[in-house]
Amino acid sequence: MKNGLTTRSIASSALAVVAVLSLATVAVAGPGGKGTGKGKGTPAASTTTDPPPPPPTTDPPPTTDPPASAANEADADFVRMMIPHHQQALVLSRLAPGRTTNIELLTLAERIDVEQTVEIATMQQWQAFNGFDETDPEGAYAMMMQDPAMIEMMGMATQAELDLLETLSGSAFDQLFLPLMIDHHQGAVDMCVQVMTHGQEPVLQSMANEMLTTQSTQIFQMQAMLAGIG
């Protein structure tokens, strides 16, 4: 009797141990798992990567209207009148080749031609930039030559003087060319002084100052040449 109770007790204890072990296995494996053997237990936690932030946006710079021109009426008038005035300087200087052998005069005439051709283009660019109509050099010159008072005021040669100059050569050409170009340059100097006094646009002020300096220097040069001829 005593031995039978002992055997049943042992059997009951063994069953209890098995039950405990089974519960432990289930607990370790987790819901739906098969244990941790050979790495087949709980599935590895998945890692998610957030998408990179979008690049910062840069707003385009605000558009601004171009600044209003600082030119006044004196500036506009100066350029409108100086372009045809320069055109006559080209007419005069281009008469020199073939009519004189004076190297100094020929060199000066060529320099005047180059300088004032460039200045005409620069003044036209200034007009366009500042919102003025570009002056046509030849057309404006033709109109100016119809106004004797304007010609005299600006120190320009008359059509009769130009026609006479075309017929001359040698020393006779030099003796008429130089006084005509001196008076022409003096007219330009006076115009430069006028715009530097009454104008206000900075670029044009600088341009007028450069013209004044260049043409004043050339006046002294031509006066010395004329004195040498006499």
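1. A cavity is, on a 1 Å grid over the protein atoms alone, a set of points where a 1.4 Å probe fits but cannot get out, and its lining residues have an atom within 4 Å of a point. Grid points are joined across faces, edges and corners, and a volume is the space filled by probe spheres set on the points. A search of the whole structure returns one cavity of 30 Å³ or more.

2. On provenance: the model is predicted, so that local features need pLDDT of at least 70 and side-chain atom pairs count only at pLDDT 80 or more, while totals for chains, interfaces and linings use all residues. Residues are numbered from 1 along each chain as its sequence is written, and side-chain values use heavy atoms, with hydrogens and water left out.

3. The largest cavity holds about 40 Å³ of space. Its lining consists of Glu 115, Gln 116, Glu 119, Met 211, Thr 214, Gln 215 and Gln 218. Helices H3 (103-129) and H8 (202-229) each supply at least two of the lining residues, and H8 gives the largest share, four residues. Helices here are DSSP runs (H or I, at least four residues), numbered from the N terminus. By class, the lining has one nonpolar, four polar and two charged residues; Met counts as nonpolar, Glu as charged, and Thr and Gln as polar.

4. The largest nonpolar core (buried Ala, Val, Leu, Ile, Met, Phe, Trp, Tyr and Cys residues joined through side-chain atoms within 4.5 Å) has 46 residues, of which Phe 78, Met 82, Leu 165 and Phe 177 touch the most other members. At least two residues of this core come from each of H2 (73-93), H3, H4 (137-144), H6 (159-166), H7 (170-198) and H8. H7 gives the most, with 12 residues.

5. Leaving aside residues up to four places away in sequence, Met 82 touches Met 123, Ala 188, Met 191, Cys 192 and Met 211; contact means heavy atoms within 4.5 Å. Met 211 also appears in the cavity lining.

6. Two aromatic pairs are found in the whole structure (ring centres within 6.5 Å, taking the six-membered ring of Trp; stacked if the planes are under 30 degrees apart). Trp 126 and Phe 132 are stacked, at 5.7 Å centre to centre and 15° between the planes. Trp 126 is buried at 5% relative accessible area, whereas Phe 132 is partly exposed at 30% (buried is under 20%, exposed over 50%, partly exposed in between; 1.4 Å probe, protein chains only).

7. The rings of Phe 173 and Phe 177 are also stacked, because their centres are 5.5 Å apart and their planes at 20°. These residues lie four apart in H7, and therefore about one helical turn separates them. Phe 173 is buried at 0% relative accessible area, and Phe 177 is buried at 0%.

Terms used. On a 1 Å grid over the protein atoms alone, a cavity is a set of points where a 1.4 Å probe fits but cannot get out, and a pocket is an open set with protein on both sides within 12 Å along at least five of seven lines; lining residues have an atom within 4 Å of a point. Rings of Phe, Tyr and Trp (its six-membered ring) pair if their centres lie within 6.5 Å; planes under 30 degrees apart count as stacked, over 60 as edge-to-face and the rest as tilted.
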